[in-house]
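I opened this model to look up a few local points and noted each as I went. The entries follow in the order that suited me.

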Amino acid sequence: VEKGSIRFDDGDSLVIHWPGRKTPETVRILGIDTPEVQHLEHDIPYAQPFGREAAGFLRGCIAVADKVELVRARERDPFGRTLGYVYLDGKNYSVLAVRARLAVETVTHYGDNGLPKPASEVLAAAKDAGPTPFEAPYRYRRRMREVTKWMKAQGVYPASVEEPGK
């Protein structure tokens, strides 16, 4: 993958604009779930603690890598996104994120997606990394759905994304 063709959203997904292809490919990185960034369209009105750090970690890891590779699973997720592992200079990004304690592993819940070797690497990294300093992202998303429901009913749901540092 050419680094210049990659656009970032959060710490566990990216968008690739392939040359000669009209539609970009959205990739959900396998094996991990990172804290959420603000996504008003997905009922996440506030960034989760460590969400921006996880997103920055992915950006930084890709920025310093000489070679970016994508290994796709056979199936897509329910949202039509490509599922795959991202390798940076031969290193499994999911393992790097877990070791940095900026991601929780999801292999236990979703299985290996037909890619047992990288999945087992993620499980080993999670065992060694210990607990993360943030709430499990799935729990945060569930809680934010309730917050969003209340905010929309009160007419106080944000109209635009908050800018960091403002």
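Entry 1, a loop residue. I began with Asp 89, whose relative accessibility is 41%, so Asp 89 counts as partly exposed, since that class runs between buried, under 20%, and exposed, over 50%. The model is predicted, and I read the values with that in mind. I placed Asp 89 in the loop between S6 and strand S7 (91-92). I then checked its backbone: phi of Asp 89 is near 50°, a positive value in a residue other than glycine.

Entry 2, another positive phi. I looked up Phe 50, which is not a glycine and yet has a positive phi of about 80°. Phe 50 sits in the loop between S4 and H1. Its relative accessibility is 31%, so I logged Phe 50 as partly exposed. I listed its contacts, leaving out residues up to four places away in sequence, and found Pro 35, Leu 102, Pro 133 and Phe 134. I also took one backbone distance: the C-alpha atoms of Phe 50 and Val 37 are 8.5 Å apart, with their positions 13 residues apart along the chain.

Entry 3, aromatic pairs. How many aromatic pairs does the count come to? I got two. Phe 50 and Phe 134 form a tilted pair, 6.2 Å centre to centre with 45° between the planes. This pair links distant parts of the chain, 84 residues apart: Phe 50 is in the loop between S4 and helix H1 (51-64), and Phe 134 is in the loop between helix H4 (116-129) and H5. I noted Phe 134 as buried, because its relative accessible area is 9%, under the 20% limit.

I then turned to Phe 57 and Tyr 93, whose ring centres are 6.0 Å apart and whose planes stand at 35°, so I classed that pair as tilted. Phe 57 belongs to helix H1 and Tyr 93 to helix H2 (residues 93-99), so the pair ties together parts 36 residues apart in sequence. Are these two residues buried or partly exposed? I found Phe 57 partly exposed, at 23% relative accessibility, and Tyr 93 buried, at 0% relative accessible area.

Entry 4, near the start of the chain. I located Ser 5 in the segment before strand S1 (6-8). Ser 5 has a relative accessible area of 10%, so I entered it as buried. Its side chain reaches the backbone oxygen of Glu 2 at 2.6 Å. Setting aside neighbours within four places in sequence, I found Ser 5 in contact with Val 15, Ile 16 and His 17.

Entry 5, the largest pocket. I recorded a volume of about 1,000 Å³ for the largest pocket. I found 36 residues lining it, and those nearest its centre are Arg 28, Asp 77, Phe 79, Arg 81 and Arg 141. By class, I noted 14 nonpolar, 10 polar and 12 charged residues in the lining.

Which element supplies the largest share of this lining? I found that H3 does, with four residues. I also listed the elements that each supply at least two lining residues: strands S2 (13-16), S3 (25-29), S4 (32-33), S6 (82-88) and S8 (104-105), together with helices H3 (107-110) and H5 (137-154).

Note on methods. Residues are numbered from 1 along each chain as its sequence is written. This is a predicted model: local features need pLDDT of at least 70, side-chain atom pairs count only at pLDDT 80 or more; totals for chains, interfaces and linings use all residues. Side-chain values use heavy atoms; hydrogens and water are left out. On a 1 Å grid over the protein atoms alone, a cavity is a set of points where a 1.4 Å probe fits but cannot get out, and a pocket is an open set with protein on both sides within 12 Å along at least five of seven lines; lining residues have an atom within 4 Å of a point. Grid points are joined across faces, edges and corners, and a volume is the space filled by probe spheres set on the points. Ala, Val, Leu, Ile, Met, Phe, Trp, Tyr, Cys and Pro count as nonpolar, Asp, Glu, Lys and Arg as charged, and the others, Gly among them, as polar. Buried means under 20% relative accessible area, exposed over 50%, partly exposed in between (1.4 Å probe, protein chains only). A polar contact is a pair of N or O atoms within 3.5 Å; within protein, one must be able to donate a hydrogen and the other to accept it, and residues adjacent in sequence count only if both atoms are side-chain atoms. Contact means heavy atoms within 4.5 Å. Rings of Phe, Tyr and Trp (its six-membered ring) pair if their centres lie within 6.5 Å; planes under 30 degrees apart count as stacked, over 60 as edge-to-face and the rest as tilted.
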